Amino acid sequence: MVDTGLIEKICSKDKLAISRTITKIELANSNSIEILKELHKKTGKSYRIGITGPPGAGKSSLTNQLTKLYRKKGFTVGIIAVDPTSPFTGGALLGDRVRMSEIGNDAGVFIRSMATRGSLGGLSSKTQDAADVLDAAGFDFIIFETVGVGQSELDIVKIADTTIVVLVPESGDSIQAMKAGLMEIADIFVLNKSDRPGADNVMTSLKTMIYLKDHTTEDWLPAIIKTIAPENIGIDELAGEIDKHKNFLTANNLFEKKRSEHSKLRVKEIVEELIKDELWNTKRLIELESEIKKVVAGKYSPYQIAEDLINNYKNSLTD
Ligand SMILES: Nc1nc2c(ncn2[C@@H]2O[C@H](COP(=O)(O)OP(=O)(O)OP(=O)(O)O)[C@@H](O)[C@H]2O)c(=O)[nH]1
Ligand SMILES: [Mg+2]
């Protein structure tokens with residue numbers, strides 16, 4: 001049974017209730033699934049923005065400024081920092097390098113960090129659950145901040161409606177190398193720290209790359225926005241571009257399509273997680289333990305044992 005009082009509190013943006021629910025999700029508390037089912041009925045209104053890029057590129061600074069701008073326009077904002085590299089202490093805001101306290105104390109802003117690194121299902125599953133809580137709570141925008149290292153940044157596209165890739169003038173040398181990864185996922189590029197030398201060169205290489213990429217006149221071509229986050233330069237343009245992308249998705253029926261794709265991936269992930277949990281019960285783990293010696297000794301192939309385990313699982317379903 002789900003506590004209706006809790007649902008009501010979440011929907012009235014009670015920060016403690018939201019925070020506790022996200023903790024339940026992180027701990028995979030059995031009750032969290034029931035809460036999520038209940039909350040899902042109230043979701044679908046938030047616009048989800050992903051901000052990714054190399055460590056220290058200014059993602060938190062941009063999130064901070066963008067949030068202030070949205071607040072000024074009367075919108076509410078939920079922020080999820082996924083695997084932050086900056087040090088965190090309980091309740092601390094997006095790293096002490098950035099003064100987020102102004103927005104953190106605002107009733108219309110909720111900030112939360114989540115550690116998903118190394119967890120099964122990676123970034124998307126639990127982050128999406130947390131985003132659903134914020135969506136049900138009625139935040140107009142949800143911003144995900146993820147550090148772009150390796151493959152993990154690419155997962156952001158599975159959860160965001162608009163993906164922003166933040167680069168800095170020093171990224172110039174690595175732009176060619178990033179081609180396959182970040183290039184593909186960016187709806188908008190932000191060239192932050194454009195007060196530093198080299199910004200124009202990076203701008204030129206990015207532009208060239210965007211236009212050289214196969215595209216038709218109907219495709220969305222990522223814009224490049226120059227920003228200096230601490231000075232609030234370029235933030236209006238960035239918000240304008242996010243809006244433009246949002247309108248582009250809606251006008252071309254891509255918004256629904258994107259959300260369906262995301263939901264499909266999500267259901268698949270959940271199914272895989274649930275099956276994994278059921279499959280690897282204590283009994284089968286013990287069986288694996290006892291059979292594994294035969295594999296090491298060369299008597300059994302790993303495939304053989306895998307098949308045995310799966311047959312055992314299938315039989316258990318019809319029991
Ligand atoms: N010169 C200059 N410094 C900036 C700019 N934007 C951010 N910084 C500084 O760069 C540092 C890192 O900024 P953050 O916003 O914490 O960067 P981040 O990408 O969130 O960092 P991680 O979360 O640790 O990956 C801070 O000291 C900022 O003050 C900029 O436009 N110009
Ligand atoms: Mg940060």
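These legends walk through a few close-up views of a predicted model.

**View 1. The sheet, strand by strand.** Start with the backbone of the picture: 7 strands line up in an open sheet, and the pairing is parallel. Reading across, the order is β3-β2-β4-β1-β5-β6-β7. Which strands sit at the edges? They are β3 (109-114) and β7 (223-226), and each of these pairs on one side only. Going from one strand to the next, the twist averages 20°.

**View 2. A helix lying on the sheet.** Here we look at helix α9, which covers residues 199-212 and packs on the sheet. Which strands does α9 touch? The helix makes contact with β5 (162-167), β6 (188-191) and the edge strand β7. Compare the directions of α9 and β7, and you get an angle of about 170°.

**View 3. Strand β2 and its two neighbours.** Now zoom in on β2, residues 77-82. On one flank, β2 pairs with β3 in the parallel sense over 6 bridges. Two spots help you find your way along this pairing: V77 stands opposite V109 in β3, and I80 stands opposite R112 in β3. β2 also pairs with β4, again in the parallel sense and over 6 bridges. For a landmark there, pick I79, whose bridge partner in β4 is I143.

**View 4. Is β2 buried or exposed?** Strand β2 is mostly covered, with 6 of its 6 residues buried. Try looking at its two faces in turn. One side carries V77, I79 and A81, the other carries G78, I80 and V82, and all of these are buried. In other words, both faces of β2 are covered.

**View 5. The magnesium ion and its protein donors.** This close-up centres on the magnesium ion, ligand 2. Which protein atoms serve as donors? They are OG of S60 and OE of E145, at 2.1 to 2.2 Å from the ion. S60 belongs to helix α4 (residues 59-72) and E145 to strand β4 (residues 141-147), so this pair ties together parts of the chain that are 85 residues apart in sequence.

**View 6. How covered are the two donors?** Stay with S60 and E145, and ask why each one counts as buried. The cut-off for buried is under 20% relative accessible area. S60 has 8% relative accessibility, so it counts as buried. E145 comes in at 9%, so E145 counts as buried too.

Definitions and conventions
Residues are numbered from 1 along each chain as its sequence is written. Chains are lettered from A and ligands numbered from 1 in the order in which they are written. This is a predicted model: local features need pLDDT of at least 70, side-chain atom pairs count only at pLDDT 80 or more; totals for chains, interfaces and linings use all residues. Side-chain values use heavy atoms; hydrogens and water are left out. Two strands pair if DSSP finds at least two bridges between them. Helices (H or I, at least four residues) and strands (E, at least two) are DSSP runs, numbered from the N terminus. Axes are lines fitted to C-alpha atoms, for helices over the stretch in contact, and angles run from 0 to 180 degrees between N-to-C directions. Contact means heavy atoms within 4.5 Å. Donors are N, O and S atoms within 2.8 Å of the metal (3.2 Å for Na, K and Ca); water is not among the atoms, so sites may look incomplete. Buried means under 20% relative accessible area, exposed over 50%, partly exposed in between (1.4 Å probe, protein chains only).
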